[in-house]
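User: I would like to go through this protein chain with you. Please show it, and then I will ask how each label is justified.

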Amino acid sequence: MSTFNVELKRVVDDSYEIEVGFELEDKLVQDIKLGLAGRVKRFAVITDSTVKELYAGKILEKLHKAGYGADLFSFEAGEKSKTRKTKEQLEDAMLEAGYRRDCCIIAVGGGVVTDIAGFVAGTYGRGVPFINYATTLLAAADASVGGKTAVDTPLATNLIGMFNQPEKVYIDIACWKTLPKNQISSGLAETIKHACLADGKFFDFLSDNMEKLLEIDREACEHIAETNCRIKYEVVMKDERESGLREVLNLGHTVGRAIETVSDYRLLHGEAVAIGLAAEVRLSVKLGHMTEAEAGRVTGLLKRAGLPVEIPDYIDREQLVKKLYTDKKVRDGRLRFVIQNGIGSIVEFKDGVFAAPIEESVAREIIMAM
Ligand SMILES: NC(=O)c1ccc[n+]([C@@H]2O[C@H](COP(=O)([O-])OP(=O)(O)OC[C@H]3O[C@@H](n4cnc5c(N)ncnc54)[C@H](O)[C@@H]3O)[C@@H](O)[C@H]2O)c1
C-alpha cells in the first residue's frame, strides 16, 4: 500500500468591482470590450419573465450590436422559481443552445436571478465566470454582493448552494424606478438591517431621508447603495465563508427566513426580514442589550418604510417555532440568534462568536406575543 500526497494549496484572487450608477447597460458592454470576461465571446443572459421585457432584452441587443454571441434564458419571475428544477431547466437550455465552458453568464435581475444564475455559473462546465446586473434594491443591498448563491428547497430557503464570486456587480439605480412599492420596501428592510448592525449614523440618515428614498431620489439612493456595499464588504471581507463574523448579516433572518417559508412566499423576503428584525429587537430588549426606546426607533423606521412588524394572522405560530430549527445557525439542535447591541452594533458573545444560543421557550414567548 502507498499514500500519495496531493499538495493543492491555492491562492485565489476573487476581487471584483461594484459599480453604482444610473443606466449602466452601455458601461457593461464597454467593460466587456475592455476584457471584463477575458476572451469570452458568448454570453448567456439569465433573467426572469419581468426583467426580460424591462432590461435584459435591451442588454442582449447591445451585446449583439457589439458583435458578441448572446442569448436570453429566462424563467417565471418570483421566489417560487428559485429551485433546483429551474436551475436544471436553465442548464439544459444552455446546453441545447451549444453553450460550453467558454461562455460567461450575465445575471440581469433581482436576488432570485443573481442567486440562481451565480449557482448555475458555479457548476456549469465545472464553473464559468458570471457578472451581476442588479435591478432591485434588495439585490443591490444584499443579494448580488458577497458571493453567496443558492436555490430554495421545500424544507427552507437557500439550503442548496455555493460560495461563488462574480467578475463584477453593476447596481443600476435607474431600474429601481420601475419597481413596485412593496419591492422598494422589501429592499429597504435589508438596508435598515445593515444600519442596525453596523452604523448608527446610517440609521439616522435613513430616518431623515425615508420619504426621499421611497421616491427614488437619485442622490439618497446612491448613498444607500454605496453604504450597503461598504457594510457588507467590511463583514464579508473578514469572513467570506461565514465561520463567525459573517453571521451578523443574519440579523433578523432567523425568524425572517422561517416566516418566509411558512407564509409559502406570500411575504416578500424583505417583508419577512422586517418581521424578523421586529422579533429580534424584542429579544434584545429582553436580554438587556437595547432599550425600549431604541427598539421603538427600529420598528418605527420599518413601518415608515412600508414594512410589516407583526406576524400576520394566517401564520401558524407553532409551525413557525418548528421552522426556526431549519436555520443554518442551529448548532447541536439549539437555536442561535444574532442580537443587536443598541443601534449600530452587534453583541459579541464570546471572541468571534456573534450568534447566541436562545432557549426555545424564549423564542416562542416572543413569537406568541407578535
Ligand atoms: N445571496 C445573498 O447573499 C442574498 C442576500 C439577500 C437576499 N437574497 C435572496 O434574494 C431574493 C430576493 O431578492 P429580490 O427581492 O430582488 O427578488 P426577485 O429577484 O424575485 O425580484 C423581485 C420582483 O421584482 C421584479 N423586478 C426585478 N427588477 C425589477 C425592476 N427593476 N422593475 C420592476 N420589477 C422588477 C422581479 O421580476 C420579481 O418579480 C431571495 O431569494 C433571497 O433569498 C440573497
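Analyst: The protein chain holds 13 helices and ten strands. Helices (H or I, at least four residues) and strands (E, at least two) are DSSP runs, numbered from the N terminus. This is a predicted model: local features need pLDDT of at least 70, side-chain atom pairs count only at pLDDT 80 or more, and totals for chains, interfaces and linings use all residues. Residue numbers start from 1 along each chain as its sequence is written.

User: Why is the protein chain called as compact as a globular protein of that length?

Analyst: The globule rule is 2.2 Å times the number of residues to the power 0.38, and the radius of gyration is taken over C-alpha atoms. The rule gives 21 Å for 370 residues, and the protein chain has a radius of gyration of 21 Å, so the description fits.

User: What makes a residue buried, and what share of the 370 residues is buried?

Analyst: Buried takes 20 or more other C-beta atoms within 10 Å of the residue's own; C-beta atoms are placed from the backbone. Buried residues are 46% of the 370.

User: Which domains does the assignment give, and how far apart are their C-alpha centres?

Analyst: Domain 1 is 17-177 and domain 2 is 181-369; the bounds come from an automatic or database domain assignment. Their C-alpha centres lie 26 Å apart. The contact takes 23 residues from domain 1 and 26 residues from domain 2. Contact requires C-beta atoms, placed from the backbone, within 7 Å.

User: Which element gives the most to the side of domain 1 that touches domain 2?

Analyst: α5 does, with five residues.

Note on methods. Buried ≥ 20, exposed ≤ 12 C-beta atoms within 10 Å, placed from the backbone. Contact = placed C-beta atoms within 7 Å.
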